[in-house]
Amino acid sequence: MADTCPTTRLGAAEVAYFRHSPVSGHFSHLLAALAAAIEAERDIEDGLWSDPSFDHWLREAELGWERASGLCRAVIDAPATRASDVPLRRFARHLHWTLGCETAAELRTARQVVAGHPDLFSWNGNCPEALRVAQMLARGQQQFDEICNLDMLNPIDAVASLEAFTGYEPFAA
């Protein structure tokens, strides 16, 4: 299990004089919380419900998603003090909506919005602020893809069709 996760890729040039805005500071914490929640959810997906640790893993995942959702709200509610805060807030708002998807159609729509409008969820520039914001948004999009592939948003009954089970005898109690 992961105890800590970096919010930027290894080898990224961290600038010592970069100062977070309220939005970017919360967004950086959101990336770390998402990484922990994703790993906790993967523990559940790969674990057996009969494992003595399963209840702990389940609770850890639930707390991780609650924390990530709360940090999404913090990013959304924080005052935007720089122009680069806009795509961070937009991404957090979209991620918060995606975490609440209940159908496969909603999830497809969420994925299509990110894939079809990369300009809405990116930032360009050469200054330290622009580079750091671009890194955070790139990491956020990687995590978005990881979240969209989790079983919690893709339940088995939504993936499997009834035609796949036509060759089996019905279960009689």
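The exercises below treat the helix packing and salt bridges of a predicted model.

Residues are numbered from 1 along each chain as its sequence is written. In this predicted model local features need pLDDT of at least 70, side-chain atom pairs count only at pLDDT 80 or more, and totals for chains, interfaces and linings use all residues, while side-chain values use heavy atoms and leave out hydrogens and water.

**Exercise 1. Overall make-up**

State how many helices and strands the chain has, and what percentage of its residues count as buried.

Step 1. Helices (H or I, at least four residues) and strands (E, at least two) are taken as DSSP runs, numbered from the N terminus. On this basis the chain has six helices and zero strands, and its elements run α-α-α-α-α-α from the N terminus on.

Step 2. Buried means under 20% relative accessible area, exposed over 50%, and partly exposed in between, with a 1.4 Å probe and protein chains only. Of the 173 residues of the chain, 34% count as buried.

Step 3. Contact means heavy atoms within 4.5 Å. Among contacts in the chain with a separation of 6 or more, residues 24 or more positions apart account for 72%.

**Exercise 2. Helices α1 and α5**

Describe how the axes of α1 and α5 are arranged, and which residues meet.

Step 1. Axes are lines fitted to C-alpha atoms, for helices over the stretch in contact, and angles run from 0 to 180 degrees between N-to-C directions. The axes of α1 (residues 22–46) and α5 (residues 128–148) come within 10 Å and cross at roughly 25°.

Step 2. That angle makes α1 roughly parallel to α5. The cut-offs are under 35 degrees for roughly parallel, over 145 for roughly antiparallel, 65 to 115 for roughly perpendicular, and oblique for the rest.

Step 3. The crossing of α1 and α5 is left-handed, a term used if the near helix is turned anticlockwise from the far one by less than a right angle (right-handed if clockwise).

Step 4. From α1, the residues in this contact include Phe-27, Leu-31, Leu-34, Ile-38 and Arg-42. Their counterparts in α5 include Arg-132, Met-136, Arg-139, Glu-146 and Ile-147. The residues of the contact of α1 with α5 divide into eight nonpolar, four polar and four charged. Here Ala, Val, Leu, Ile, Met, Phe, Trp, Tyr, Cys and Pro count as nonpolar, Asp, Glu, Lys and Arg as charged, and the others, Gly among them, as polar.

**Exercise 3. A salt-bridge network**

Trace which residues are linked with Arg-42 in a network of salt bridges.

Step 1. A salt bridge is a side-chain nitrogen of Lys or Arg within 4 Å of a carboxyl oxygen of Asp or Glu. The structure holds six salt bridges.

Step 2. Glu-39 and Arg-42 pair through their side chains, at 2.9 Å from N to O. Glu-39 and Arg-42 are separated by about one helical turn because they are three residues apart in helix α1. Glu-39 is partly exposed at 27% relative accessible area, and Arg-42 is partly exposed at 28%.

Step 3. Arg-42 also forms a salt bridge with Glu-146, with the closest N and O atoms 3.7 Å apart. Glu-146 lies in α5 and Arg-42 in α1, so this pair ties together parts that are 104 residues apart in sequence. Glu-146 is partly exposed, at 24% relative accessibility.

Step 4. Glu-146 forms a salt bridge with Arg-139, where the closest N and O atoms are 3.9 Å apart. Arg-139 is buried, with a relative accessible area of 18%.

Step 5. The network of salt bridges therefore links Glu-39, Arg-42, Arg-139 and Glu-146.

**Exercise 4. Two further helix pairs**

Give the crossing angle, handedness and contact residues for α4 with α5 and for α2 with α3.

Step 1. Helix α4 (residues 104–116) and α5 pack at an angle of about 160°, with axes 11 Å apart. That makes α4 roughly antiparallel to α5, and the crossing is left-handed.

Step 2. Leu-107, Ala-110, Arg-111 and Val-114 in α4 meet Phe-144, Asp-145 and Cys-148 in α5. By class, this contact has five nonpolar, no polar and two charged residues.

Step 3. The axes of α2 (residues 54–77) and α3 (residues 85–99) come within 8 Å and cross at roughly 145°. The crossing of α2 and α3 is left-handed.

Step 4. The contact of α2 with α3 includes Trp-65, Cys-72 and Ile-76 from α2, and Leu-88, Ala-92 and Leu-99 from α3. Its residues divide into eight nonpolar, two polar and three charged.
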